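This report goes through the helix packing, the sheet and the ligand shell of one model. Please keep the sequence and the structure open while reading.

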Amino acid sequence: MQLYLGDALELATQKIAAGTVDLVYTDPPYPKEFHYCYEWLAKEAVRVLKPNGFLIAYAGPYWKDVVMNYFNEYLQYFYDFILVHKGNTSILWPRKIISGYKSILCYHLKEQKPLPKTNVLGQWDGTGGDKRFHKWGQDVTTARYYIDCFSSEGDLVVDYFLGGGTTAEVCKRLNRNFVGFEKDAETFNIARARVDGTLPPAKYSQPVMELGANP
Ligand SMILES: C[S@@+](CC[C@H](N)C(=O)[O-])C[C@H]1O[C@@H](n2cnc3c(N)ncnc32)[C@H](O)[C@@H]1O
């Protein structure tokens with residue numbers, strides 16, 4: 001498990017060799033001022049992914065078109081997994097939308113045809129995230145399911161926008177090799193503590209789904 005404090009956009013080329021990554025699983029900030037992160041992420045995925053690798057990135061519905069435009073330019077669309085925030089809605093005031101989902105966008109390299117390990121649920125009932133470690137934190141149950149479907153033990157998984165370390169914690173529990181970046185020191189220390197076991201592990205909010213199960 002390699003966690004780095006600093007700007008992923010500056011550190012990535014020093015820390016991750018080209019063509020070595022099985023899965024990028026990440027959750028960049030959604031607001032407009034961070035759109036450059038998604039554009040950079042698309043180009044970075046082209047640099048680091050193995051031929052059969054995947055990029056999986058969370059994206060809010062508000063700017064999903066912008067994110068997909070960046071991704072479509074550099075990568076091949078695979079699927080838009082829908083993460084439903086069960087019983088947890090918020091209002092997108094400028095557009096008067098009562099929203100209760102986000103996307104988990106899945107892409108791979110152009111000219112490649114990789115597949116996940118198993119049949120994958122196109123829609124996942126989540127809780128709306130886990131805000132105990134980060135104000136924008138995702139829940140471990142959702143991350144565990146998709147990371148398990150799209151990578152195997154010993155694979156290299158990367159999260160460029162660690163936040164409170166949800167991806168890192170899941171990768172440790174699933175025996176993935178992992179590289180993560182976070183530019184905010186306080187946030188980084190929380191992710192570090194989760195991986196070191198100084199903070200107690202997050203509980204799965206529902207039974208772990210056996211791969212291949214179709215409920
Ligand atoms: C949406 S949050 C990630 C939340 C995470 N998925 C979790 O479950 O806790 C995005 C994070 O990316 C970090 N970030 C933004 N720009 C960054 C950059 N250029 N390099 C590294 N981290 C960055 C922010 O500080 C924030 O903690």
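## Helix packing

Helix α5 passes α6 in a right-handed crossing. This is a predicted model. On the α5 side, the contact is made by Ala-168, Glu-169 and Lys-172. Ala-191, Arg-194 and Val-195 supply the α6 side. By class, this contact of α5 with α6 has three nonpolar, no polar and three charged residues.

The geometry of the pair comes next. The axes of α5 and α6 (residues 185-196) come within 9 Å and cross at roughly 15°. Angles under 35 degrees count as roughly parallel. The two helices α5 and α6 are therefore roughly parallel to each other.

Helix α5 also packs against α4. Here α4 spans residues 140-150 and α5 spans residues 166-173. They pack at an angle of about 55°, with their axes 9 Å apart. That makes α4 oblique to α5. The crossing of α4 and α5 is right-handed. From α4, the contact residues are Val-140, Ala-143, Arg-144 and Ile-147. They meet Thr-166, Thr-167, Glu-169, Val-170 and Cys-171 in α5. The α4 and α5 contact divides into five nonpolar, two polar and two charged residues. Glu-169 is thus listed in the α5 contact with α4 and in the α5 contact with α6.

A third pair is α2 (residues 35-48) with α3 (residues 64-74). Their packing angle is about 20°, and their axes lie 9 Å apart. That makes α2 roughly parallel to α3. The crossing of α2 and α3 is right-handed. His-35, Tyr-38, Glu-39, Ala-42, Lys-43 and Val-46 come from α2. Their partners in α3 are Val-66, Val-67, Tyr-70, Phe-71, Glu-73 and Tyr-74. This contact of α2 with α3 has eight nonpolar, one polar and three charged residues.

The class counts are set side by side here.

| Contact | Nonpolar | Polar | Charged |
|---|---|---|---|
| α2 with α3 | eight residues | one residue | three residues |
| α4 with α5 | five residues | two residues | two residues |
| α5 with α6 | three residues | no residues | three residues |

## The sheet

In what order do the strands of the open sheet run? The order is β1-β10-β9-β2-β3-β7-β4-β8. That is eight strands, with mixed pairing. The edge strands are β1 (2-5) and β8 (123-126), and each pairs on one side only. From one strand to the next, the twist averages 15°.

One pairing can be followed at residue level. Strands β2 (residues 21-26) and β9 (residues 156-159) run parallel and are joined by two bridges. Leu-23 stands opposite Val-157 in β9.

Helix α2 returns here. It lies across β2, β3 (49-59) and β9. Relative to β3, α2 runs at about 155°.

## The ligand shell

Which residues come nearest to the ligand? Asp-27, Phe-161, Gly-163, Gly-164 and Thr-166 do, out of the 21 residues around the ligand. Thr-166 is also one of the α5 residues that meet α4.

Two elements each supply at least two residues of the shell: α1 (8-15) and β10 (177-182). In the sheet order, β10 stands between β1 and β9. By class, the ligand shell has nine nonpolar, seven polar and five charged residues.

Methods. Residues are numbered from 1 along each chain as its sequence is written. This is a predicted model: local features need pLDDT of at least 70, side-chain atom pairs count only at pLDDT 80 or more; totals for chains, interfaces and linings use all residues. Axes are lines fitted to C-alpha atoms, for helices over the stretch in contact, and angles run from 0 to 180 degrees between N-to-C directions. Helices (H or I, at least four residues) and strands (E, at least two) are DSSP runs, numbered from the N terminus. Angles under 35 degrees count as roughly parallel, over 145 as roughly antiparallel, 65 to 115 as roughly perpendicular and the rest as oblique. A crossing is left-handed if the near helix is turned anticlockwise from the far one by less than a right angle, and right-handed if clockwise. Two residues are in contact if their C-beta atoms, placed from the backbone, lie within 7 Å. Ala, Val, Leu, Ile, Met, Phe, Trp, Tyr, Cys and Pro count as nonpolar, Asp, Glu, Lys and Arg as charged, and the others, Gly among them, as polar. A residue is near a molecule or strand if its C-beta atom, placed from the backbone, lies within 6 Å of it. Two strands pair if DSSP finds at least two bridges between them.
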